[in-house]
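Work through the exercises below with the sequence and the model side by side. Each task is followed by a solution in steps.

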Amino acid sequence: ERHKAMSTGNEGCNCINQTSILASLSLQNRDCTTATGLPGVYLALGGSCVAYDYGSSACLQHDFIHDPNCQTDASTTAVPPYCFQTWCYVDASTCKTNSEEYIYKSEYFSPSNDIFYSYSTCNSTDHFWQQQLGSSATNVSVIGGINIAAAVPASPDPMLYKQLPDGTRTDVYFDDSVPFGGIYIEYINSVVK
């Protein structure tokens, strides 16, 4: 029987191991125990508890394995499409230098931890994850029936983008030679003058 080797990402933008960084987050009171009994960290307040090797070293369906939204009874509830996409953490500078893979900075970790991920290095798409992010600002009923609506500032066009030579705009990081543009940049430039 032949087994296909697990992918570690496309050439020039390989998956990397971020286990030590995720493990260090337990010092920030984000420690938890995963459903399988492994030590882990919370990705966000009230979010998934993931093992320290979440997203590391290989192209896997990391969300399908760890995200509670993906752990539904498929006979009664549709599993979100992003759950089935493969991705991994990558080294941003290596990917920007040696590939044209789309990479994104993870928003789950503090600014001091520059952790980047890529779907495209795993021959997958981030389309469904971007849809999930776009639909995540909803009203939630909380304590005493009070509704709180929350919106988190994001950086999509026209707020912050890179305009590629072909005229398309993107928020990916792969090319440092292309400067950021957008309303945020214009505002900062007007304040600095």
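At 0% relative accessibility, Cys83 counts as buried; buried means under 20% relative accessible area, exposed over 50%, and partly exposed in between, with a 1.4 Å probe and protein chains only.

Two notes on the ground rules. This is a predicted model, in which local features need pLDDT of at least 70 and side-chain atom pairs count only at pLDDT 80 or more, while totals for chains, interfaces and linings use all residues. Residues are numbered from 1 along each chain as its sequence is written, and side-chain values use heavy atoms, with hydrogens and water left out.

**Exercise 1. Describe the disulfide that contains Cys83.**

Step 1. Find the partner. Cys83 is joined to Cys70, S to S 1.9 Å. A disulfide here is a pair of cysteine sulfur atoms within 2.5 Å.

Step 2. Read the handedness. The link of Cys70 and Cys83 has -85° about the S-S bond and is left-handed.

Step 3. Place both ends. Cys70 and Cys83 sit in the loop between helix H2 (62-66) and strand S4 (88-90), 13 residues apart. Helices (H or I, at least four residues) and strands (E, at least two) are DSSP runs, numbered from the N terminus.

Step 4. Check the burial of the partner. Cys70 has a relative accessible area of 3%, so it is buried.

**Exercise 2. Count the disulfides and give their pattern.**

Step 1. Count. The distance rule gives five disulfides.

Step 2. Number the bonded cysteines along the chain. The pattern reads 1-9, 2-8, 3-4, 5-10, 6-7.

Step 3. Take the pair Cys13 and Cys95. Their sulfur atoms are 1.9 Å apart. The link is right-handed, with 85° about the S-S bond. Cys13 lies in the segment before helix H1 (19-24) and Cys95 in helix H3 (residues 92-98), so the pair ties together parts that are 82 residues apart in sequence. Both Cys13 and Cys95 are buried.

Step 4. Take the pair Cys32 and Cys49. A disulfide joins them, S to S 1.9 Å. The torsion about their S-S bond is about 95°, so this disulfide is right-handed. Cys32 is in strand S1 and Cys49 in strand S3, 17 residues apart. Cys32 and Cys49 are buried.

**Exercise 3. Lay out the sheet with the order S1-S2-S3.**

Step 1. Classify. The sheet is open, has three strands and pairs in the antiparallel sense. Two strands pair if DSSP finds at least two bridges between them.

Step 2. Find the edges. Strand S1 (31-33) and strand S3 (49-51) each have a single partner strand, so one side of each is left without a neighbour in the sheet.

Step 3. Give the turn. Neighbouring strands are turned by 50° against each other on average, direction ignored. The axes are lines fitted to C-alpha atoms, for helices over the stretch in contact, and angles run from 0 to 180 degrees between N-to-C directions.

Step 4. Check the register. S1 and strand S2 (residues 39-42) pair over three bridges. Asp31 stands opposite Val41 in S2.

**Exercise 4. Do the same for the sheet with the order S4-S6-S5.**

Step 1. Classify. Three strands form an open sheet with antiparallel pairing.

Step 2. Find the edges. S4 and strand S5 (104-105) each have a single partner strand, so one side of each lacks a neighbour in the sheet.

Step 3. Check the register. S5 and S6 are joined by two bridges and run antiparallel. Lys105 stands opposite Phe116 in S6.

**Exercise 5. Outline the nonpolar cores.**

Step 1. Define the term. A nonpolar core is a set of buried Ala, Val, Leu, Ile, Met, Phe, Trp, Tyr and Cys residues joined through side-chain atoms within 4.5 Å.

Step 2. Take the largest core. It has 13 residues, and those with the most contacts inside it are Leu22, Val50, Tyr54, Trp87, Tyr89, Phe109 and Tyr117.

Step 3. Look for another. Apart from the largest core lies one of 10 residues, among them Cys15, Cys59, Phe116 and Cys122.

Step 4. List the neighbours of Tyr54. Leaving out residues up to four places away in sequence, Tyr54 touches Leu22, Leu43, His62, Asp63, His66, Trp87 and Tyr89. Contact means heavy atoms within 4.5 Å.

**Exercise 6. Place Ser57 and Asn123, which have a positive phi without being glycines.**

Step 1. Ser57. Its phi is about 75°. Ser57 is found in the loop between S3 and H2. At 32% relative accessibility, Ser57 is partly exposed.

Step 2. Asn123. Its phi is about 55°. Asn123 lies in the loop between strand S6 (116-118) and helix H4 (127-134). With a relative accessible area of 63%, Asn123 is exposed.
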